[in-house]
Amino acid sequence: MATAYITHPSCLKHDMGPYHPECPDRLNAISDRMIAAGLDGYLARHTAPAATREQLLRVHGANYVEAIEGASPRDGLVYLDPDTALNPHSVEAAKHAAGAVVLATDLVMKGEVANAFCAVRPPGHHAERHRAMGFCIFNSVAVGAMHALEHHGLDRVAVIDFDVHHGNGTEDAFSDEPRVLMASVFQYPLYPYSGVDNPAANMVNVPLPEGTGSEGFRRAVQTRWLPALEAFEPQMIFVSAGFDAHRDDPLAGLRFLDADYAWVTRELCEVAKKHAQGRVVSTLEGGYALPALGRSAAEHVKALIEA
Ligand SMILES: [Zn+2]
């Protein structure tokens, strides 16, 4: 069975200005590298639908969704926080980014594909129920996980987050939600400075000090994530795939390597095979050094293809 590769043209049109690191070329860096690495022929390409209002409201407040829709500009940029802006295409892109994870969930649940990667932006894991922040508008991975629970009737899903920044929005969505186990690593202290003070029991948060590389990452996965996943027995695994913990990334100070993304993906796919019929849905979060982003995403997708 193939690996789905899901994106939408609007994700290239969301643009927060010429100097913003969360730029449209991130998606070109990834798709170019898929071709260069010879992975293109193994991917089932799909165009993302927009997430419906019902799907968004499983995570976000109605007032919040309406405020975002109402803030969409006719031209220029509207700032939601100092780092997060809307251009005329951004709301459409954010809806399709969330819709990509919903479609990925449907394809994997129906058995049409083995697993899926959503090459979408804006990212989502900082978006809280009622707040946009940190380049994120709608929390795509949370919308997908809720779709698996509410539409497909699963009882247990895991959300894995290896972005260098703590996924505060996903934690906001799922704290004390017994059907979800969230496991993450993130550099601490670093934006958004959350994730360490009294996390809920279903949060496996592993803060890593600046400079942590492959060894520290792999130890965290082996000693913290994998035992928690084994105990939880997830029926599906969602991945917030940020690649900004890479050594080359300009926004943070961890030192992961390309091969670490292949390794962690294989480990997660093994858990999925054991408990979840192999079901893994991954979506892009951060990653701002374009060559390292392309290579790391290709390693991640190659491991999904080979799972
Ligand atoms: Zn990040």
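1. Let's start with the strand pairing around E9. In this predicted model, Ile160 has Val239 of E9 as its bridge partner. The pairing between E6 and E9 is parallel and extends over four bridges. On to the next partner: E9 also pairs with strand E10 (residues 280-284), again in the parallel sense, over five bridges. There, Val239 stands opposite Ser282 of E10. From E9 the chain crosses through H8 to E10, and this β-α-β crossover is right-handed.

2. How many of the five residues of E9 are buried? Five of the five are, so E9 is largely enclosed by the rest of the structure. You can follow the two directions easily on the model: Ile237, Val239 and Ala241 point one way, while Phe238 and Ser240 point the other way, and all are buried. In a regular strand, side chains alternate between the two faces of the sheet.

3. Now for the metal. The zinc ion is coordinated by Asp163 (OD), listed twice, together with His165 (ND1) and Asp244 (OD), at 2.0 to 2.7 Å. The angles among the four donor atoms run from 53 to 153°. Why is the site called irregular rather than tetrahedral? A tetrahedral site needs all angles between 85 and 135 degrees, and the range of 53 to 153° goes outside those limits, so the label irregular applies.

4. The spacing of the zinc donors in sequence is D-x1-H-x78-D. His165 and Asp244 link distant parts of the chain, being 79 residues apart. His165 sits in the loop between strand E6 (157-161) and helix H6 (168-174), and Asp244 in the loop between strand E9 (237-241) and helix H8 (258-275). Both of these residues, His165 and Asp244, are buried.

5. A word on the interior. The largest nonpolar core has 98 residues, and the members that touch the most others are Ile6, Phe162, Trp225 and Phe238. Helix H4 (residues 90-110) provides the largest share of this core, with eleven residues.

6. Phe162 deserves a look of its own. Setting aside residues up to four places away in sequence, Phe162 touches a list of residues that includes Val239, Ser240 and Ala241. Gly242, Phe243 and Ala245 are also among the contacts of Phe162, as are Val185, Phe217, Trp225, Tyr261, Val264 and His300.

7. Thr105 is another residue worth selecting, and its place is in helix H4. Is Thr105 buried or exposed? With a relative accessibility of 0%, Thr105 counts as buried. Not counting residues up to four places away in sequence, Thr105 touches Gly144, His147, Ala148 and His152, as well as Met236, Phe238 and Val281. Phe238, as noted, is one of the core residues that touch the most other members.

8. Gly111 lies in the loop between H4 and strand E5 (115-118). Its relative accessible area is 36%, so Gly111 is partly exposed. The C-alpha atoms of Gly111 and Arg279 are separated by 8.9 Å, with their positions 168 residues apart along the chain counted as distance apart.

9. Last, Ala62. Ala62 is found in helix H3 (residues 62-71) and is partly exposed, at 30% relative accessible area. Leaving aside neighbours within four places in sequence, Ala62 is in contact with Arg53 and Leu57. The C-alpha atoms of Ala62 and His130 are separated by 8.9 Å, and the two residues are 68 residues apart along the chain.

Conventions:
Residues are numbered from 1 along each chain as its sequence is written. This is a predicted model: local features need pLDDT of at least 70, side-chain atom pairs count only at pLDDT 80 or more; totals for chains, interfaces and linings use all residues. Side-chain values use heavy atoms; hydrogens and water are left out. Donors are N, O and S atoms within 2.8 Å of the metal (3.2 Å for Na, K and Ca); water is not among the atoms, so sites may look incomplete. Four donors count as tetrahedral if all angles lie between 85 and 135 degrees; four count as square planar and six as octahedral if opposite donors are over 155 degrees apart and all others between 65 and 115; anything else is irregular. Buried means under 20% relative accessible area, exposed over 50%, partly exposed in between (1.4 Å probe, protein chains only). A nonpolar core is a set of buried Ala, Val, Leu, Ile, Met, Phe, Trp, Tyr and Cys residues joined through side-chain atoms within 4.5 Å. Contact means heavy atoms within 4.5 Å. Two strands pair if DSSP finds at least two bridges between them. A crossover is right-handed if, with the strands pointing away from the viewer, the path from the first strand over the helix to the second runs clockwise.
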